[in-house]
Every structure is written in structure tokens, then in C-alpha cells.
Amino acid sequence: MWSYERRLQYPVKITKPNPKMAQLIMSQFGGPDGELAASMRYLSQRYSMPYKEVAGLLTDIGTEELAHMEIISAIVFQLTKNLSLEEIKTGGFDAYYIDHTTALWPQAAGGIPFNTCFFQSKGDVLTDLHEDLAAEQKARTTYDNILRLITDPEIVDPIKFLREREVVHYQRFGEAMVRVQERLDSKNFYAMNLEIDKLMANK
């Protein structure tokens with residue numbers, strides 16, 4: 001169960017539309033390393049996580065990623081609000097405009113639609129945590145790429161906040177990995193699936 005606060009986790013106040021920048025940042029909405037995939041990944045993985053504190057961590061971070069998706073959506077919305085047809089054409093936003101006008105729709109910067117194959121939920125503690133660590137690094141890299149291409153401080157400010165949160169999430173998943181490995185057989189923890197192998201052993 002969630003409760004919703006009618007405010008963003010970090011404020012977004014963009015005064016100048018820029019459809020070209022909107023297309024780039026949209027990748028963090030519906031791209032392979034975006035916030036939508038991140039939230040779905042963690043909120044799906046938590047059900048098969050055998051350790052309550054790690055399941056709680058997945059719930060916490062998955063919930064925060066939803067808030068990050070809201071920030072990205074607000075950025076894209078403000079960058080495309082009240083665009084003229086001339087701005088749409090000269091800003092390279094015309095192909096997107098044909099299918100979605102200026103509504104939010106999850107896709108990568110290259111136009112590839114969101115796909116659930118962007119994330120994995122494997123039901124194996126080590127596999128899922130390795131996926132989570134990699135996902136946070138890939139998201140951080142994407143934010144780094146965005147920051148290299150954008151100089152407008154009204155956009156840069158919230159993007160920097162989101163990048164910092166990816167670093168924090170990576171650190172927290174790293175701590176979770178250590179806690180999990182401490183509980184496993186040190187001679188075998190890369191060769192077992194804790195959830196499945198326990199069931200097999202009891203047969």
C-alpha cells in the first residue's frame with residue numbers, strides 16, 4: 001500500500017521549452033536503464049527475496065524510483081509544454097509528436113518503446129542483486145551522458161540530484177550483497193539458488 005504526496009521529491013521548474021533535450025531525457029523514463037524499468041525491477045524482485053531486510057530495501061528503492069520517474073516526467077512535460085509547430089519541427093520532435101502529441105509515453109532516446117525485457121526478476125538472491133548493482137551503474141552512466149550534453153541549470157539541477165540517488169542506491173545494494181553472502185555457504189554461494197535448492201534438498 002502506498003500513500004501519495006502531491007509534491008515532487010525534488011523540485012522541477014523549467015521556464016524554457018526544449019524539445020531536443022526532452023527527447024534525450026525521456027530515455028530515463030522509458031529507456032533500458034530508466035526509472036520505470038528500475039521501479040518495476042525492484043518491486044517485482046522483492047516477493048522472492050528470502051531476507052526481510054533486503055526485501056524491505058527493494059520496496060524502499062523501488063518506491064523511490066517511482067518518485068524519480070515522476071521527476072523525469074515533470075522535466076519532459078515542462079520541456080515540451082506549449083511548443084509551437086515550428087519548435088516541434090526544428091527541435092526534431094515531429095516523429096514523436098505524430099504518435100503522442102506532447103503526452104508522456106515511455107520510450108528510449110532512440111525511439112525504442114519501453115519493454116519489460118529491460119529488467120529481470122530471476123528469483124535468485126545473488127543474480128537479482130547483481131542485476132540491481134549493474135542497473136544502478138547503468139542509470140548513473142546515462143545521467144552522466146545527459147549532463148555532458150545539457151548546460152541549462154534548470155535541467156541540470158534535478159538531473160544531478162537523480163544521479164546522486166543512483167550512487168546511493170548502488171551503495172545500499174552493495175551492503176545488501178555483503179549481508180546476503182555472510183549467510184551463505186562460503187564454499188558454495190555462487191553455485192546455489194537459495195530459494196530453489198532448499199526445496200530440492202528437502203525432497
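**E136 and its surroundings**

Colleague: Which residues does E136 touch, not counting residues up to four places away in sequence?

Modeller: This is a predicted model in which local features need pLDDT of at least 70 and side-chain atom pairs count only at pLDDT 80 or more, while totals for chains, interfaces and linings use all residues. Residues are numbered from 1 along each chain as its sequence is written, and side-chain values use heavy atoms, with hydrogens and water left out. With contact meaning heavy atoms within 4.5 Å, and with residues up to four places away in sequence left out, E136 touches Y42, I61, E65, E166, H169, Y170 and F173.

Colleague: Is E136 buried or exposed?

Modeller: E136 is found in helix α7, where helices (H or I, at least four residues) and strands (E, at least two) are DSSP runs numbered from the N terminus. Buried means under 20% relative accessible area, exposed over 50% and partly exposed in between, with a 1.4 Å probe and protein chains only. At 1% relative accessibility, E136 therefore counts as buried.

Colleague: What relative accessible area does E65 have?

Modeller: E65 sits in helix α4, and outside the residues up to four places away in sequence its contacts are E35, A38, S39, Y42, E136, E166 and H169. E65 counts as buried because its relative accessible area is 0%.

Colleague: At which residues does UniProt place "binding site" alongside E65?

Modeller: UniProt positions are given in the numbering used here, with feature names shortened, and annotations may be inferred rather than shown by experiment. In an unreviewed entry, the record places this feature at E65 together with E35, H68, E136 and H169.

Colleague: What limit holds for the C-alpha separations within that set?

Modeller: In sequence these residues span 135 residues. In space they gather at one spot, because no two of their C-alpha atoms are more than 12.9 Å apart.

Colleague: Which of these residues does the lining of the largest cavity include?

Modeller: A cavity, on a 1 Å grid over the protein atoms alone, is a set of points where a 1.4 Å probe fits but cannot get out, and lining residues have an atom within 4 Å of a point; a pocket, by contrast, is an open set with protein on both sides within 12 Å along at least five of seven lines. Of the UniProt set, the lining of the largest cavity includes E35, E65 and E136.

Colleague: Which elements give two or more residues to that lining?

Modeller: The search of the whole structure finds 2 cavities of 30 Å³ or more, and the largest has a volume of about 70 Å³, a volume being the space filled by probe spheres set on points joined across faces, edges and corners. Its lining holds 13 residues, with D33, G34, A38, R41 and A135 nearest the centre. Two or more residues come from each of α3 (35-45) and α7 (125-149).

Colleague: How many residues of α3 are buried?

Modeller: The buried residues of α3 include E35, A38, R41 and Y42, and what covers them includes α2 (27-30), α4, α7 and α8. The helix is mostly covered, with a buried count, out of its 11 residues, of 9.

Colleague: What volume lies in the largest pocket?

Modeller: The largest pocket is lined by 13 residues, and S3, Y4, E5, T63 and A67 lie nearest its centre. The space inside comes to about 410 Å³.

Colleague: Is the pair of Y10 and F161 stacked or edge-to-face?

Modeller: The structure holds 4 aromatic pairs, in which rings of Phe, Tyr and Trp (its six-membered ring) have centres within 6.5 Å, with planes under 30 degrees apart counted as stacked, over 60 as edge-to-face and the rest as tilted. The centres of Y10 and F161 are 4.6 Å apart and their planes lie at 15 degrees, so the pair is stacked.

Colleague: How many residues apart are Y10 and F161?

Modeller: Y10 is partly exposed, at 22% relative accessible area, whereas F161 is buried at 15%. Y10 belongs to the segment before α1 (19-25) and F161 to helix α8 (residues 153-183), so that the pair links distant parts of the chain. Their separation along the chain, in residues, is 151.
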